[in-house]
Amino acid sequence: MTSKNTSSIWSDFQREQVINTVLRISLQSGSLVGQLQLVLATLLSVPLYSGKAKGVIVLKNEAGEAPQIINVGVNTSRNSSDYPGFFRGNGHCSYFGDPNCKCVERFFDGCDDIEVISEDEDDANANSNKITHILVPIVGCDKQSYGVIHIIIDLDYELVDRDKGFLKSYANAIVGLIDKNIAETKLIASEQRLSMAVDASNISLWRWNVDEDYMEHDDKWHEILGYDRETFRQQVPHWKMLVHPDDWQTVLDNFDLHRKGVAQYIKTEMRIRESSGAWRWFLCKGRFTEFDENHEPLCATGIHLDIDDKKKSEDDLIRADRYKTEFLSNLSHELRTPLNSIIGFSAALKKGIDGPVNPEQKDSLSHILSSSQRLLTIIEDILDLSLFETDSIELNIDKTSLDNCIQAVVDSLKDVADENNDDIQCHFPVVPISVRADAVLLGKAIKQLVLNAIKYTRNGQISVEYSLIDNVEEIFQKIELKSSDNYVLIKVKDSGAGISKEHFEQIFHSFHQLDCGSAKKYAGLGIGLSLVKSIVEKHGGKVWVQSEPGKGSTFFTIIPSNTN
């Protein structure tokens with residue numbers, strides 16, 4: 001029998017040569033199996049002995065199931081009959097290849113110690129030579145077990161510490177190789193998914209070289225616009241030629257806002273000319289990605305999203321909304337004419353101009369008059385709202401006394417408030433204030449606010465007051481108006497039903513009602529507060545509400561004292 005060899009298997013030069021070769025292989029492209037075969041062959045080609053060597057790298061599969069393993073084997077023996085049974089039908093070695101052996105369980109359970117095992121080459125021959133199995137675990141930084149390196153040499157070795165350290169470094173290099181392969185596989189899959197998503201969508205990619213002032217686009221962009229990629233640059237020397245003249249300055253402004261750090265990224269909508277000469281809408285979004293030493297941008301990258309269909313749909317909606325508004329306007333005019341006749345003749349009959357009427361007839365005529373006037377008010381509100389929606393209304397600005405305007409509204413609604421047993425009061429400042437505004441529209445806005453208070457208040461209190469703004473900064477911050485000393489605040493407060501906070505914005509939308517359905521408690525079409533908002537904003541002001549359910553509501557209206 002031979003004595004155990006305690007010398008180092010690899011010299012310092014050989015160890016360095018192996019590690020450098022492994023690192024060089026890791027920088028190359030190729031399949032993981034092919035790279036591992038090269039790595040293993042490098043290790044087995046330089047040992048300091050004249051005998052034979054075999055090796056295998058056994059890895060877990062992607063699911064991490066130990067019995068199902070990937071086997072990469074290298075045999076440096078000159079005689080294929082050497083080591084009978086080393087490679088069996090499935091490519092595993094006779095010692096390590098059994099999926100149920102303890103070595104498989106041990107190394108796949110996270111063992112990180114190198115193990116050296118000596119055994120007879122032929123158990124039947126007592127004088128047979130010893131062979132040595134060296135088992136090197138492949139363990140990642142997070143203690144994750146990737147597999148094991150199994151080396152067999154034909155001498156009886158006792159592995160020294162220098163060789164153990166070398167083999168651990170070798171295993172770590174293989175971990176890097178495996179991690180790189182996993183990362184590349186994930187990157188390729190991610191790029192494929194991105195490519196599929198881009199191909200299936202209306203998204204194209206662009207890159208702007210700032211120095212050359214040239215915009216590069218991907219194949220998808222050329223496909224959408226119908227340009228030939230090969231001849232595009234000769235046909236279009238500068239990308240400005242593709243952008244609609246009306247959009248060019250907006251594009252430059254948005255790029256500049258991002259360059260100055262005002263905007264987080266570039267975002268602009270623009271029309272780009274197709275090869276056919278037609279214009280197509282795109283949303284351009286991106287950011288600067290490369291800078292020089294002075295932090296001046298060198299390159300920007302981003303996407304173009306084809307929004308042409310969206311823009312056409314928006315145009316269709318705008319057109320449909322205009323048709324709706326025109327229809328409402330025409331309808332209001334057509335209805336107002338006969339209603340005015342009904343109101344006029346009813347008033348004449350009630351006064352007895354065409355002959356005496358008894359009390360019952362007067363009562364009926366009163367109902368006809370009040371219902372006709374209410375219907376006329378609704379029609380006028382719809383007409384005004386339609387004019388505001390199309391921005392077709394012009395303000396008739398003149399000096400307006402708020403005392404007179406508010407008092408006239410309250411006086412006209414006294415009877416309506418009395419029907420609900422509501423007490424309505426006005427509170428004016430000692431020194432009256434006048435504003436430059438459209439007196440008719442401002443009065444209509446205040447009237448709608450008071451009517452709204454009356455509608456939701458029973459046996460309660462309603463107050464209308466106005467004043468110069470007390471806390472200027474707090475109010476302007478709340479409603480996002482520029483600070484000014486020339487604003488007036490009008491408050492309409494009631495003790496009625498109140499409004500939940502989540503409805504504060506919705507109540508100012510056209511035709512929106514909190515109380516709706518077949519069993520609605522309060523009458524109305526849901527246009528009053530929307531009309532108030534339109535009138536106030538037309539004057540350069542704001543309207544908002546503070547309220548709690550069951551505790552009443554306060555509507556605030558702020559307008560400039562001098563509307564332009």
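I began with the largest nonpolar core of this predicted model, which has 44 residues, and noted that Leu442, Ile446, Val450 and Phe555 touch the most other members. I then looked up where its residues come from, and found that helix H12, residues 439-455, supplies the largest share, namely eight residues.

I next followed isoleucine 446 outward and, leaving aside residues up to four places away in sequence, listed Cys405, Ile406, Val409 and Ile490 as the residues it touches. Apart from this core I found another, of 34 residues, with Trp10, Ile114, Val136 and Leu159 among them.

I turned to the sheet and traced five strands in the order E12-E14-E15-E17-E16, which make an open sheet with mixed pairing. Strand E12 (423-427) and strand E16 (542-547) are at the edges, and each has a single partner strand, so one side of each is left without a neighbour in the sheet. For the angle between neighbouring strands of this sheet I noted 15° on average, with direction ignored.

At the E16 edge I checked the pairing with strand E17 (residues 553-560), and recorded it as antiparallel over six bridges. Within it, valine 545 stands opposite phenylalanine 555 of E17, and Phe555 is one of the core residues that I had listed as touching the most other members.

Last, I looked up the helices that lie across these strands. Helix H10 (residues 402-412) lies across E12, strand E14 (461-468) and strand E15 (487-494), and runs at about 170° to E14, while helix H14 (residues 528-538) lies across E16 and E17 and runs at about 135° to E16.

Terms used
Residues are numbered from 1 along each chain as its sequence is written. This is a predicted model: local features need pLDDT of at least 70, side-chain atom pairs count only at pLDDT 80 or more; totals for chains, interfaces and linings use all residues. Side-chain values use heavy atoms; hydrogens and water are left out. A nonpolar core is a set of buried Ala, Val, Leu, Ile, Met, Phe, Trp, Tyr and Cys residues joined through side-chain atoms within 4.5 Å. Buried means under 20% relative accessible area, exposed over 50%, partly exposed in between (1.4 Å probe, protein chains only). Helices (H or I, at least four residues) and strands (E, at least two) are DSSP runs, numbered from the N terminus. Contact means heavy atoms within 4.5 Å. Two strands pair if DSSP finds at least two bridges between them. Axes are lines fitted to C-alpha atoms, for helices over the stretch in contact, and angles run from 0 to 180 degrees between N-to-C directions.
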